[in-house]
Amino acid sequence: MTLTLSIDRVEPRDRGRVGDKGYALSRMARRGLPVPGALLVTVEAYRRYIDLTGIGEAIALEINRKIADEMRWEEMWDAALRIRTLFLRTPLPADIHDGLARDVEARFRDVAVVVRSSAPGEDSAKASFAGLHDSFVNVRGTESILDHIRLVWASLWSDAALLYRKELALDIATSAMAVVVQEIVAGDRSGVAFTVSPDDPSRAVIEAVHGLNQGLVDGTVEPDRWILDRRTGQVLSHRPAERQKALFASGAGVEVRPLAPGPAGMPPLTPQDVDLVFRTAMEVEKFFGSPQDMEWTIRKGELHILQARPVTAGEPAAGEDKRPWYLTLRRSFENLKALRQEVEGRWIPAMIADADALSGIDLAALSDEALAAEIDRRRSLLGKWTDIYTEYFIPLAHGIRLFGQTYNDALRPEDPYEFMDLLGGTEMISLERNRLLERMAGRVRGSPRLAEALRTGAPSGLDAAFDEDFETFSRTFGDLGCGTDRCFTGQAALAGLLLRMAEAPPAKERFDPGTIDRRRDAFLSRFTGDERKRAAEILDLGRASYRLRDNDNIHLGRIEGALLAAVAEAMPRLARRPGFAAAGISAEQAARALRDPQWRPQEGVPGKKREGLGSGLRARQLRGQPAGPGVARGPARVISNPEDLLEIRAGEILVCDAIDPNMTFAVPLAAGIVERRGGMLIHGAIIAREYGIPCVTGIPGAAELIRTGDCVSVDGWLGIVTIEAGPSL
Amino acid sequence: MEDLITLRNRLEEMLRTQRLAVLSTAGPGGEPYSSLVSFAAPGTGRLLFATTRATRKYENLRADGRVALLVDNRRNEEADFHEALAATALGRAVELSGEERERGIDAYTFKLPFLEEFVRAPSCALFRVGVEKWIVVTRFQNVIEVVPDS
């Protein structure tokens, strides 16, 4: 068995052993093109590792947890995270370790390297899936290089790869990963060259940045861009970048630094450099016989080719396929930091201002015509904010993952979600709201008179502190919550909830500041110097992402609530019209009806259909994703309509399609949570962890397969829900 | 939920193609006993299996007809954990005689022609299990209860 091959010893028959990237580099090296020295770790090393450690079965179990088409993007994140942990915690067996260590030591004893993925078939001319697997820049020392080889292996099963698993024919029995361990060339200027522009086949494109290439590839640093005539090499246009920063090797990794005024004022390439890059790229194209996408760097005036692969027309297309958008969510630390500033500094204040402005409008005073205009205005406002949410807020959630990966790499914990404990206890609005509810419930618990008054609907005047909280709650949070199509309005809903909360023992949040501090110290102690500062920044980003993931929904919920309030104002007006069935009409229909007294909706909105499994079938046990550790057992409370949430009683298992932050007031009453939507970043899972409530997510059809009253047990360790006793078949 | 909805079809297909099931019976003191039997399934509601009368399982069944039968399509490969279907039938076994036995033998040998001599032997008993419920496991941990077609 051959664990490694030197780049100059690769024969055509070795292509499948060293992967496409490694093979292309070796061919260029043999041709005499300027590529850095490299050692190629063969797929046999990967296969032997999988075979000897037996982790193949665990990977297969993970990726086949459910039908691939039913796995949400967040669930793929989770699966990839668990698989990565598996690789992190499974050491190299001695013979592989010793063999690789000997070869790496002989070649890179004191040299920093880039550890690159090189999957067989990834650069085939029919399809190209660049960027699905990981590469690591500036890795130093034999043990660290060996660790990073394992991480590149793990990225064969990255979330991005799982998204494209059908196209990649990803399969435990046949898929494998080779690795290129390449001497780092710390260039002062770097970039990419496409010998054929994706937009115009008669042109070529060169992009360049100061510093290392990785900044360009991951989008952290904006490049200068040249368009050239493919035939003559003549520059047709040059678009300069702002050139504020660049990426440089630093310690064990890379860092972004501001550019000095000198380089910032100059394009990274002179006209002669542009010509050199173009001619080299064309030589590579000629050599391989097809248009090439070449990564390069220039050090002390010398050009080095870092990698080259064919440009293909088979790149993932956008349109109906949302996967290319998901891929854009894998963002760099720098990118996320900038995004956070934008979200916190710009979007959230603007959204709060919009919500405040809406709540100041007296809807009852509006004429029908004015109310219709107001409904339309709120609809378009909600549309605008939903778009901003998709574009800015959702990508910011990646900060949680980035921190999780940093934490897991540093501490290699048994529980891949241990890092979530460090994110808890942040100031989330839904927790503040729940604390206020709990305080009011506490007063009801201690006062039978207050409880009785709440029951009869006249609680004010008995307890000044309670009255003040009640008033604060309504003022700060408005209605109790908005579901998908309506809000719970009025005091009766709040009173009912408080009474039920009072019947139960007080809900406890799981995190105390001491525990979080201890965990933070344990995390930071793994780093020193600048790396420690960066780790602290990544933690801070993770905590902000986690907090905002919840809070932004509360704010968006207020805008949504404002629209629903306007529709609620229209309903009684419309219901008074003869023959008008107002129930269930949409906001758009309400506005239309307000404007046109003769208009009637065609037909009522059908109620939500209970799908179930069909006659004669009953779910007994369902497997999803573990999302909140612990085991709970109790009667199910299935949330089919928003009103169902108001019926929840202490100790019940909350079963729903998806918990949004506006529904989280009910969570502290629940003994366990079961949700269709999957993944550790969903709101239900986040809140469940805050209260230490066992939670299983990603159960397709949860709210249809389980019925209110079924005795359900929730295993939040393994992600299993068992319906112990339900209606007879 | 797609694989759950097609579950009944997958179960029927498995009953058509698998030839062996693990039969569980209870001994005189309630002690469990398992044995491998060949079976035929004219539908999901009925299973037929045969045993010679000198066996422990026959003795058990004479005293207590309650049975569980496990049918599965595992191949002893890694993929079993996500591909294999395992179905347990709960029901009661009754020994057939006379006309019923003849009809049962026809159904049994239609699927298992090579066992005709065995099942027609005077020393061999043919049992019919009326299935009350199937408990079907997919993907290692998903469990669905299925009421058989009548």
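The domain arrangement of chain A and the contact between chain A and chain B are described here for a predicted model.

Chain A is divided into five parts: domain 1 spans residues 4-183, domain 2 covers 189-312, domain 4 comprises 429-503 and domain 5 runs over 621-725. Domain 3 is assembled from two segments, 334-425 and 512-595. Between domain 1 of chain A and domain 5 of chain A, the centres, taken over C-alpha atoms, are separated by 38 Å. The contact between these two domains of chain A draws seven residues from domain 1 and 10 residues from domain 5. On the side of domain 1 of chain A that touches domain 5 of chain A, six residues are charged and one is nonpolar, while no polar residue is present.

Contact between the chains involves 22 residues of chain A and 19 residues of chain B. Helix α3 (55-63) and strand β16 (617-623) of chain A each supply at least two residues of the side of chain A that touches chain B. The largest share of this side, seven residues, is provided by β16(A). By class, the side of chain A that touches chain B consists of 11 nonpolar, six polar and five charged residues.

Strand β16(A) also takes part in strand pairing across the two chains. Its partner is strand β7 of chain B, residues 142-146, and the pairing is antiparallel, extending over four bridges. Within this arrangement, Gln621(A) stands opposite Val143(B), a residue of β7(B). Thus β16(A) contributes seven residues to the side of chain A that touches chain B and pairs with β7 of chain B.

Notes
Residues numbered from 1 in each chain as written. Chains lettered and ligands numbered in written order. Predicted model: local features only at pLDDT ≥ 70, side-chain atom pairs only at ≥ 80, totals over all residues. Domains from an automatic or database assignment. Nonpolar A, V, L, I, M, F, W, Y, C, P; charged D, E, K, R; others polar. Pairing = 2+ DSSP bridges.
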